[in-house]
Amino acid sequence: MNVDLEETLAAMGAEYRDFALRFKNADGAAAPDVRRARRGFFRRFAAPAAAAALVAAALSPLFTGRSGAPASAAPRASEYSLALSGGGCIDEIVDSQNADGSWGNDFLTRQNAAALRNVASCSVPYRRALRYLRSKGLRPLTDEEMRLRVSLYEKSASGDRT
């Protein structure tokens, strides 16, 4: 120890000097009382937390369906089929739009923009989508492309394989 540290310890009291000497003479191994405290922490907190996690994992199939979604959740249309399934999903389409005007990828953005084209209450989301598509050099689907996709979707939904 240097002189400055010894003066500081002398001013603080004998118990601090004893602590500093024990700390200085330690060989790097934790003192027995510290090891005991660590073991007590594990017994007190970590083991019960692990047991609670195992119980929660065992009980989770009771509260979720096979897909991991809550069992009470109604089946929801895929984000790729929202625009094709009719006008009832317009609110979901608008709610899922990103701030930049897209819907995650260009395929969805072209399709959803075409679905919003003729909906009067959705002029702002439609213009946002147009701005995004123009920045990428793209355009929304035409009415003919959209009708073709809707008819293919309806055939696949009805199970018609012709």
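I count Ala, Val, Leu, Ile, Met, Phe, Trp, Tyr, Cys and Pro as nonpolar, Asp, Glu, Lys and Arg as charged, and the others, Gly among them, as polar.

Entry 1, the pocket. I am working from a predicted model. I looked up the second largest pocket and found about 160 Å³ of space in it. I then listed its lining, which has 12 residues; Ala114, Ala115, Asn118, Asp143 and Met146 are the closest to the pocket centre. I noted which elements give two or more residues to this lining: they are α5 (106–116) and α7 (143–158). Of the elements, α7 gives the most, with three residues.

Entry 2, lining chemistry. I sorted the lining of the second largest pocket by residue class and got six nonpolar, three polar and three charged residues. By the classes above, Ala114, Ala115 and Met146 go down as nonpolar, Asn118 as polar and Asp143 as charged.

Entry 3, the fold. I checked the secondary structure of the protein chain and found seven helices and zero strands. I wrote the order from the N terminus as α-α-α-α-α-α-α.

Entry 4, contacts and burial. I took the contacts in the protein chain with a separation of 6 or more; residues 24 or more positions apart account for 51% of them. I looked up burial next: the protein chain has 162 residues, and 20% of them are buried, with under 20% relative accessible area as the cut-off.

Entry 5, the surface. I recorded an accessible surface of about 11900 Å² for the protein chain. Carbon and sulfur atoms hold 58% of that surface.

Key
Residues are numbered from 1 along each chain as its sequence is written. This is a predicted model: local features need pLDDT of at least 70, side-chain atom pairs count only at pLDDT 80 or more; totals for chains, interfaces and linings use all residues. Side-chain values use heavy atoms; hydrogens and water are left out. On a 1 Å grid over the protein atoms alone, a cavity is a set of points where a 1.4 Å probe fits but cannot get out, and a pocket is an open set with protein on both sides within 12 Å along at least five of seven lines; lining residues have an atom within 4 Å of a point. Grid points are joined across faces, edges and corners, and a volume is the space filled by probe spheres set on the points. Helices (H or I, at least four residues) and strands (E, at least two) are DSSP runs, numbered from the N terminus. Buried means under 20% relative accessible area, exposed over 50%, partly exposed in between (1.4 Å probe, protein chains only). Contact means heavy atoms within 4.5 Å. Accessible areas come from the Shrake-Rupley method with a 1.4 Å probe; for residues, only the protein chains shown count as cover.
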